[in-house]
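Please look at the labels that a structural description attaches to residues, and ask of each one what entitles it to be used. The questions and answers below set values against definitions.

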Amino acid sequence: MATNDDATTTNGIRRDIEVHNPPEEVWEVLVDDDERGAWFGGRTRLDPSPGGRGWFEDTDGNRRSANVDEAEPGRRLAWTWWPDPASDGEPDTDHPGGASRVQIDLTPLPGGTRISVTETPLTPMARASALTGARGPLVDLELRLLLTSRQSAVVFART
Amino acid sequence: MSAAAPGPGGDTGGVDTVLSALADPTRRAIFEAVVHAGPATATGLAREFPVSRQAIAKHLERLADAGLVRSSKSGRETRWQASVEPLSAARSWMDEMGAAWDRRLAALAERLDRRDGTERSNQ
């Protein structure tokens, strides 16, 4: 029986769940596009390797672009995602699309796996040390800013 | 950066600043002190915390950047008061994101459970 522990970290949210399947099997359901679409609740494509690109759609058709930060088969899948301005329809120069980082950790348990998900909002000028100091090794930050008078400001941090 | 309610695309404008401002335990404690006993001065707060008045002032600046405190001049020293609206926006974001992941994880667990059952019946 799956249990659900939730917690609010001061930098974001965290949800845990336990399943009877081994980590390798959970991994398949995370990285396969059709499997992920089924549980995510919308179409999605993702290249499950560091630096891989992808996107997620919700039931309202809102789309988020994604960039994979970490991919350790059977252990961790992490990506940064941000609202795709094109799908929102309205240019919003006041609020650059909010990016956040999703990290899914798989921990083997006797008879199954614990799946832990954290989602942390990112500042547009995110500094790796401020965000990842407590969570893991520093990674290089590549920041790209697209700004025109007619389009939304899209800012994402590629780690 | 203004504190904004989360939009349909999960807009985090301001939420990130609020959450990172509150990530530091001392700063969080200072914010709580202002919430409970405000308006407060940096000097008054320095009496309650084992940090210097300068450090308190720096923390208050970070809180002000996140819109969590606002200042007013009163006599010789600046007085600080708490604003809870940014906190509400951050809380709304967290509730919304948390609910979304609750749904996704429940669906994920259900999908995995079906695979698990199939495998067992095949053994």
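What follows is a series of questions on burial, ring pairs, charges over rings and salt bridges, each with its answer.

Q: How do you know which residues and atoms enter the values for this model?
A: This is a predicted model, in which local features need pLDDT of at least 70 and side-chain atom pairs count only at pLDDT 80 or more, while totals for chains, interfaces and linings use all residues. Side-chain values use heavy atoms, leaving out hydrogens and water, residues are numbered from 1 along each chain as its sequence is written, and chains are lettered from A and ligands numbered from 1 in the order in which they are written.

Q: Why is Phe56(A) called buried?
A: Buried means under 20% relative accessible area, exposed over 50% and partly exposed in between, with a 1.4 Å probe and protein chains only. Phe56(A) has 2% relative accessibility and therefore counts as buried, and Phe40(A), at 9%, counts as buried too.

Q: What makes Phe40(A) and Phe56(A) an aromatic pair, and is it stacked, edge-to-face or tilted?
A: Rings of Phe, Tyr and Trp (its six-membered ring) pair if their centres lie within 6.5 Å, and planes under 30 degrees apart count as stacked, over 60 as edge-to-face and the rest as tilted. With 4.8 Å centre to centre and 55° between the planes, Phe40(A) and Phe56(A) form a tilted pair. The pair links distant parts of the chain, 16 residues apart, with Phe40(A) in helix α2 and Phe56(A) in strand β4 of chain A; helices (H or I, at least four residues) and strands (E, at least two) are DSSP runs, numbered from the N terminus.

Q: What makes Trp81(A) and Trp101(B) a tilted pair?
A: Their ring centres are 6.4 Å apart and the angle between the planes is 35°, so the pair is tilted by the rule. The pair crosses between chains, from strand β6 of chain A to helix α5 of chain B. Trp81(A) is buried, with a relative accessible area of 0%, and Trp101(B) is buried at 0% as well.

Q: How do you know that Arg64(A) lies over the face of Trp81(A)?
A: A charge sits over a ring if NZ of Lys or CZ of Arg is within 6 Å of the ring centre and within 35 degrees of the ring normal. Arg64(A) lies over the face of Trp81(A), at 4.3 Å from the ring centre, and Arg104(B) lies over the face of Trp101(B), at 4.6 Å.

Q: Why is the contact between Asp105(A) and Arg76(A) called a salt bridge?
A: A salt bridge is a side-chain nitrogen of Lys or Arg within 4 Å of a carboxyl oxygen of Asp or Glu. The closest N and O atoms of Asp105(A) and Arg76(A) are 2.7 Å apart, so the pair qualifies. Asp105(A) lies in strand β7 and Arg76(A) in strand β6 of chain A, so the pair ties together parts that are 29 residues apart in sequence. Both Asp105(A) and Arg76(A) are buried.

Q: What makes Glu72(A) partly exposed and Arg75(A) exposed?
A: Glu72(A) has a relative accessible area of 34% and is therefore partly exposed, whereas Arg75(A), at 54%, counts as exposed. The two form a salt bridge, with the closest N and O atoms 3.5 Å apart.
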